[in-house]
Structure formats: C-alpha cells, structure tokens
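Here is a friendly note to read alongside the structure. Take the points in order, with the viewer open beside you.

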Amino acid sequence: MLPAFEWKGDHLLLLDQRYLPWEEKYLKLRSLEEVARAIEKMKVRGAPAIGCVAAYGVVLALREGRSLDEAIGRLSRTRPTAVNLFWALERMKRAGEDPAAAEKEARAIEEEDYQANLKMGELGSELIPEGVNVLTHCNAGALATAGYGTAVGVIRRAWEKGKVKKVFVDETRPYLQGARLTTWEFLKLGIPTVLITDNMAGHFISRGEIGAIVVGADRIAANGDVANKIGTYTLSVLAKEHGVKFFVAAPTSTLDLKTPTGSQIPIEERSRDEVIFINGRNIAPLEVEVRHPAFDITPASHITAIITEMGVIYPPFEEGLRRLLNDTGH
Ligand code: MRU
C-alpha cells in the first residue's frame with residue numbers, strides 16, 4: 001500500500017489524493033505554508049493523517065525559523081472538525097521550539113497512530129459477524145491514517161479471518177472518497193469490492209444484504225455522538241431501522257471529552273464548487289444555491305460500539321469513554 005505521507009528528514013513526501021485513482025503523484029512539501037495548503041485543499045485528508053501531517057508542518061515551520069505559535073495558529077485554521085489536528089498540535093506545543101525535539105514528537109505521533117490502527121483492526125474484526133457483506137462510507141483507510149486504516153483496518157482484518165464476503169463502498173459525494181480512494185485501497189488488498197452510490201445504501205440494507213456497517217470518525221463527543229463524513233448520519237438511521245450493527249472505529253486521539261455532545265462540534269462548510277463541479281464540468285446550473293456541510297453528527301443512540309486501540313466501548317458511551325481515558329492516563 002502506498003503511504004499517504006512519508007517524512008524524509010528535511011521534507012514531507014505527500015501523496016496528492018486529489019489525483020487518485022488516476023495518478024499516484026507525490027509532492028515534496030518543504031514549508032509550513034505548503035503543509036497548511038495541502039490540508040485545506042484536501043491533498044491529504046482523513047482525521048489521523050491530518051494530525052500527523054500537521055505535526056510535520058510544525059517541524060518544517062521551526063526549521064524555517066518561524067515561531068511555534070505561528071505554526072500552530074496557521075495549522076489550526078486549516079480544517080475545523082477533525083479533532084486529531086488540535087490533539088496533535090497540542091502535543092507539538094508541549095514538545096517546544098527545538099526542531100529536533102519537535103521532529104521526535106512528530107515521528108512518535110505517526111508511529112503511535114500506525115500501532116493504534118493495527119490494534120483497532122484486531123479488536124474490531126472480532127465484532128464482525130461471520131460470512132457477511134460489510135458496508136463502509138468515505139475513506140477511513142491507510143490513506144486517512146499513518147497506515148492500515150481505522151474502519152478499513154477492521155474490515156481488512158475481518159476479511160483475513162474469513163468473515164467478510166464483500167465490502168460495499170458508498171461513493172461518498174461530493175469529494176468521492178469512497179469511489180476514488182476506498183475502492184482503490186480494497187482492490188490493492190485483493191478484497192472483493194462493490195461500489196454503490198450513496199442513495200443505494202438503503203436498498204441493499206433493507207434487503208438484508210449488509211451484515212454490518214463500519215465507519216471512521218473525525219471527532220467523538222463526551223456522550224458518544226460522532227462527527228464523520230456527511231452521509232454517515234443517514235446510514236446510521238438506516239442501520240437502526242433495519243437492525244444492522246453500526247460500528248465506529250477511531251483512535252483515542254479522536255475523542256474530545258471537553259465537547260459534551262455532537263451539537264457543539266464545529267461542522268466544516270466547504271466550497272460550493274466541490275458540489276457543483278465534477279472533473280471541471282458543472283453538473284447543475286451555475287446560479288443555483290448550494291450547501292456543503294462536509295460532516296454530520298451520528299447520535300450515540302445509533303451506534304452499536306466504538307472501537308478504539310484501548311478497547312471496545314458499548315453504550316452508555318459517556319461512562320465508557322470517561323473510564324477508558326482515565327484508565328489510560330489521558
Ligand atoms: O473530509 P475528509 O476526507 O477528511 O473526511 C474523512 C472522514 O470523514 C473519515 O471518515 C474520518 O476522518 C476518519 S479517517 C480514519
């Protein structure tokens with residue numbers, strides 16, 4: 001699997017995800033501004049990957065002679081919803097102004113995320129029923145993390161254990177993370193993959209063709225409400241209606257216990273152009289009003305379990321999440 005990013009000692013190599021699956025094109029990022037723009041323009045995306053890349057952005061900033069405060073200020077204005085970004089920047093702040101110490105911390109953030117993904121894959125795969133099709137939304141794979149993936153990691157490990165027949169992937173309008181990125185990852189792994197448009201999910205779920213749904217998360221509030229890619233909420237309603245298990249896989253860096261419920265999570269609104277244009281061509285009259293929330297909130301009551309690297313949490317999530325973070329000394 002191609003890595004989403006790779007630290008090269010004096011620059012960051014970044015796979016430009018806007019070109020996938022057509023072209024596997026790596027960029028060399030050498031400055032704070034290049035890293036900040038790459039996050040804003042979604043050349044790199046996915047909550048844990050954004051956190052890791054931002055940490056290396058701080059390292060590059062310090063090497064450019066910029067202050068820690070300036071680096072953190074610029075990077076925290078890139079994308080508002082994924083809390084992993086702010087979690088990583090907080091760690092970088094504690095590491096201080098010394099570029100060597102910052103580099104060590106950024107490497108540690110990356111390595112911990114990779115290990116967390118492996119652990120979630122192991123724990124989460126145990127929850128997948130035998131012999132089912134599993135559905136996922138957006139891309140919560142190797143491309144969205146330091147490697148292996150959260151939701152994709154769980155499905156991948158369950159498939160290796162012989163539990164998964166096929167994986168159904170929502171295309172995930174408007175940025176098409178499912179169609180462009182997740183199918184690309186699953187096909188590279190040799191896992192049988194079925195691409196569907198977002199509005200087909202209800203059809204397959206209602207016919208009993210989906211045995212479990214696994215998604216990632218951008219932020220999990222103290223009560224267990226989950227912010228994830230727009231369309232996740234709709235899927236969770238379908239899962240509840242049809243009694244399908246709905247799992248969220250996310251590392252503890254995605255937990256935000258300072259935010260009480262999902263309604264306090266900031267939802268990023270992205271540009272109208274990402275909705276109205278596909279491959280440079282408008283698919284609707286240019287003058288139409290467009291809304292583009294990039295995330296939605298899935299209520300805790302729709303979620304069967306939250307899979308983290310520290311363990312699996314079941315309802316009531318409020319209590320479970322608090323106990324998990326206290327036990328692990330967070
Ligand atoms: O806008 P994106 O592509 O950054 O959104 C990504 C998602 O919503 C993912 O599901 C989430 O970040 C988890 S990635 C392991």
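How many helices and strands are there in the chain? There are 11 helices and 16 strands; these are DSSP runs numbered from the N terminus, with helices (H or I) of at least four residues and strands (E) of at least two.

1. **Before you start.** Please keep in mind that this is a predicted model, in which local features need pLDDT of at least 70, side-chain atom pairs count only at pLDDT 80 or more, and totals for chains, interfaces and linings use all residues. Residues are numbered from 1 along each chain as its sequence is written, and side-chain values use heavy atoms, with hydrogens and water left out.

2. **Overall shape.** The chain has a radius of gyration of 19 Å, close to the 20 Å that the globule rule gives for 330 residues, so it is as compact as a globular protein of that length. That radius is taken over C-alpha atoms, and the globule rule is 2.2 Å times the number of residues to the power 0.38. Along the principal axes, the C-alpha atoms fill a box of roughly 60 × 55 × 40 Å.

3. **Inside and outside.** Of the 330 residues, 56% count as buried; buried means under 20% relative accessible area, exposed over 50%, and partly exposed in between, using a 1.4 Å probe and protein chains only. The accessible surface comes to about 13600 Å², and 51% of this belongs to carbon and sulfur atoms. These areas come from the Shrake-Rupley method with a 1.4 Å probe, and for residues only the protein chains shown count as cover.

4. **Contacts along the chain.** Take the contacts between residues at least 6 apart in sequence: 74% of them join residues at least 24 apart. Contact here means heavy atoms within 4.5 Å.

5. **The largest core.** The largest nonpolar core has 37 residues, and those with the most contacts inside it are Phe5, Ile39, Val53, Val58, Leu75 and Met92. Elements that give two or more residues to this core include β1 (5-7), α2 (47-63) and α5 (99-125). Which helix gives the largest share of this core? It is α2, with 12 residues. A nonpolar core is a set of buried Ala, Val, Leu, Ile, Met, Phe, Trp, Tyr and Cys residues joined through side-chain atoms within 4.5 Å. In soluble globular proteins, nonpolar side chains tend to be buried together.

6. **Phe5 and a second core.** Not counting residues up to four places away in sequence, phenylalanine 5 touches ten partners worth clicking through: Leu12, Leu13, Leu14, Ala49, Cys52, Val53, Tyr56, Glu110, Thr145 and Ala146. Apart from the largest core lies another, of 29 residues, among them Ala201, Ile220, Phe246 and Phe317.

7. **Leu13.** Leucine 13 lies in strand β2 and counts as buried at 17% relative accessibility. Beyond four places in sequence, leucine 13 touches Ala4, Phe5, Glu6, Lys8, Tyr26, Leu27 and Lys28. Its C-alpha atom is separated by 9.3 Å from that of proline 3, 10 residues apart along the chain.

8. **Thr136.** Is threonine 136 buried or exposed? Threonine 136 is buried, with a relative accessible area of 1%, and lies in strand β4 (residues 132-136). Leaving aside neighbours within four places in sequence, the residues in contact with threonine 136 include Ala151, Phe168, Asp170, Thr182 and Val215.

9. **The loop between β4 and α6.** Three residues deserve a look here. Cysteine 138 is found in this loop, is buried at 7% relative accessibility and has a positive phi near 65°. Tyrosine 148, in the loop between β4 and α6 too, has a positive phi of about 80° and a relative accessible area of 11%, so it is buried. Most residues other than glycine have a negative phi, and most peptide bonds are trans. Glycine 147 also has its place in this loop; it is buried, at 10%, and touches Tyr114, Asn117 and Ala142, not counting residues up to four places away in sequence.

10. **Cis peptide bonds.** The bond from leucine 20 to proline 21 is cis, with omega near 5°, and proline 21 lies in the loop between β2 and β3. Arginine 173 and proline 174 are also joined by a cis peptide bond, with omega about 0°. Proline 174 is found in the loop between β5 (164-170) and α7 (177-189).
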